[in-house]
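Reader: I would like a close look at how helices pack against each other. Could you take me through it slowly, with the cut-offs spelled out?

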Amino acid sequence: MQIFTTIPGLRTFLADYRHDRSIALVPTMGALHKGHASLIRRAVAEAEITVVSIFVNPLQFAPTEDFSRYPRSLDSDRQLCESLGVAAIFAPSAETLGIGDSEDITAVIPPISLTSGLCGAFRPGHFQGVATIVTRLFNIIAPTIAYFGEKDAQQLAIIRQLVRDLNLAIEIRACATVRETSGLAVSSRNQYLSTAEREKATIIVKSLQLALESFHLGERQREKLLAIVQKNLDRVPEFRCQYLDLVHPQSLQPIEQIETDGLLAIAGSIGQTRLIDNIILRQRRPVIAIDGPAGAGKSTVTRLVAEKLGLTYLDTGAMYRAVTWLVVNSGLDLSAEAAIAELLSLAKIAIIPADSPENVTIVKINGQDVTLEIRSPAITAQVSRIAAQKAVRQQLVTLQREMGMSGGIVVEGRDIGTNVFPEAELKIFLTATPEERARRRLKDLEAQGNGGISLAELTQEIEKRDYLDSNRSLAPLRKAADAIEVNSDHLSIAEVTEKIIALYHQGEENQWRSL
Ligand code: AMP
């Protein structure tokens with residue numbers, strides 16, 4: 001692991017990787033704890049190169065706040081990063097980030113609608129300070145992916161908006177809040193708390209938990225949910241509540257009633273320490289992501305799981321076929337990537353998932369039904385060339401996310417759990433040894449009268465394909481850090497399906513995301 005304090009040092013280091021590797025950024029203010037560690041672990045698992053930035057940003061502290069006493073522990077931070085597999089730490093000075101004279105800098109101002117409520121109302125200038133520094137870090141590092149904690153939900157919503165508004169090609173991934181055994185959200189500021197205060201501080205999470213229980217029992221009204229929390233918070237007068245609010249998780253506007261999801265957020269102090277916490281109350285059927293190497297039985301299993309659970313099978317393959325049809329029919333050369341990106345951006349693709357396993361996904365392009373045409377051998381032969389194009393992939397991932405937003409879907413692929421639906425409620429990594437997959441493939445080939453290849457040759461072919469799939473720069477095969485691995489070596493299709501369904505029910509019992 002390397003440590004850089006200058007921009008030329010870091011940029012030169014990253015230049016070697018930039019063409020064909022994904023670069024992850026985990027921005028932090030140091031004093032790393034297990035909350036940060038969970039972001040870092042995920043970054044290391046999902047990207048090739050992970051950079052952790054450590055910078056106690058003076059712009060985000062008001063003069064009355066704890067900038068000078070904020071904990072700093074570069075030595076132990078370095079050890080933790082090294083042990084987790086971080087490639088580089090970026091620990092610049094304020095001057096390096098161009099904010100030596102903070103009065104006279106180019107600042108980034110997020111929309112007032114996002115900064116006026118919640119913490120923004122009590123910390124004027126805070127989110128402008130965050131946005132200004134995060135934008136600088138994004139420009140210096142140009143990461144492929146950046147990781148943020150859900151604990152700072154307002155910050156997360158602001159960063160997502162910033163990336164959209166400034167057209168930055170960065171994927172933002174949110175990580176669940178890490179908690180102490182007591183439930184208290186882990187925070188660098190927890191070290192200010194005395195033992196007694198730490199105990200009192202658990203009232204925050206306990207109150208959120210009550211709201212969650214009530215939500216699961218059907219409560220959707222703001223007034224009722226806030227009253228439950230407030231009443232419980234009142235039991236600990238040492239907690240001086242600054243705000244308690246129920247807002248939409250993206251727009252951050254207060255909501256009267258939860259339609260699909262709501263963000264219940266609390267801030268306040270105990271002694272001299274300011275604490276925040278929140279919970280997402282989400283009413284959606286789950287998303288099940290099934291990733292794994294080719295030949296592990298993903299597509300059959302995915303269809304069966306969808307059928308048995310009454311969920312929708314989201315056929316991503318049909319989308320790539322649809323684009324291939326569009327390109328072939330427009331007469332464009334299949335390698336004309338820019339023209340294809342333009343064509344696809346202007347096209348209207350409608351995917352109507354099959355309502356039963358006997359039916360196929362209906363696909364319409366610009367109003368024309370192409371359901372049958374996209375299955376032709378001519379399209380089948382070309383689809384992988386189209387699917388290998390970055391712009392196509394990005395646009396279809398956006399479409400897949402839109403379709404999966406309200407949940408209730410099962411999707412299979414190589415990077416569904418890590419990239420397309422990283423927030424999926426259930427992630428399965430379905431695998432089998434190359435030998436077993438070769439045996440199955442040989443059986444299929446022999447059944448079609450196409451034997452003549454040895455098991456050893458097939459195994460080698462499969463191992464080669466696995467290597468290519470795991471090392472491709474676009475959508476590489478990755479097991480998500482929170483995926484459950486299912487090895488199908490000694491299981492039938494029906495047994496694998498049953499196993500996934502059992503995991504689904506287990507998750508449902510745990511209500512997917514309890515605190
Ligand atoms: P900070 O160093 O406080 O600026 O935090 C750096 C990143 O770690 C931010 O994206 C935070 O949201 C995230 N983070 C801090 N605490 C936690 C936690 N307990 N669980 C998950 N993420 C966290």
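Author: Here is a walk through three helix pairs, followed by the ligand site.

This is a predicted model, in which local features need pLDDT of at least 70, side-chain atom pairs count only at pLDDT 80 or more, and totals for chains, interfaces and linings use all residues. Residues are numbered from 1 along each chain as its sequence is written, and side-chain values use heavy atoms, with hydrogens and water left out.

Start with α8 (residues 195–216) and α9 (residues 222–233). Helices here are DSSP runs of H or I, at least four residues, numbered from the N terminus. The axes of α8 and α9 come within 9 Å and cross at roughly 150°. Axes are lines fitted to C-alpha atoms, for helices over the stretch in contact, and angles run from 0 to 180 degrees between N-to-C directions. α8 and α9 are therefore roughly antiparallel. Angles over 145 degrees count as roughly antiparallel, under 35 as roughly parallel, 65 to 115 as roughly perpendicular, and the rest as oblique.

Which residues of α8 and α9 meet? From α8 come Ile203, Ile204, Lys206, Ser207, Leu210, Ala211, Ser214 and Phe215. From α9 come Leu225, Ile228, Val229, Asn232 and Leu233. Contact means heavy atoms within 4.5 Å. By class, this contact has nine nonpolar, three polar and one charged residues. Ala, Val, Leu, Ile, Met, Phe, Trp, Tyr, Cys and Pro count as nonpolar; Asp, Glu, Lys and Arg count as charged; the others, Gly among them, count as polar.

Next come α1 (residues 7–15) and α6 (residues 126–141). Their axes come within 9 Å and cross at roughly 50°. That makes α1 oblique to α6. Ile7, Leu10, Arg11 and Leu14 of α1 touch Asn139, Ile140 and Ile141 of α6. The classes are five nonpolar, one polar and one charged.

Now α11 (residues 316–330) and α13 (residues 377–387). They pack at about 100°, with axes 8 Å apart. α11 and α13 are therefore roughly perpendicular. Their contact includes Tyr320 and Trp325 of α11, and Ile379 and Ile386 of α13.

Last, the ligand. 17 residues surround the ligand (a heavy atom within 4 Å). The closest are Met29, Gly149, Asp152, Val178 and Val186. A backbone N or O atom of Met29 lies 2.9 Å from a ligand oxygen. A polar side-chain atom of His36 also lies 2.9 Å from an oxygen atom of the ligand. A polar backbone atom of Val178 is 2.8 Å from a ligand nitrogen.

Terms used
Helix = DSSP H or I, 4+ residues; strand = E, 2+ residues; numbered from the N terminus. Polar contact = N/O pair within 3.5 Å; in protein donor to acceptor, adjacent residues only side chain to side chain.
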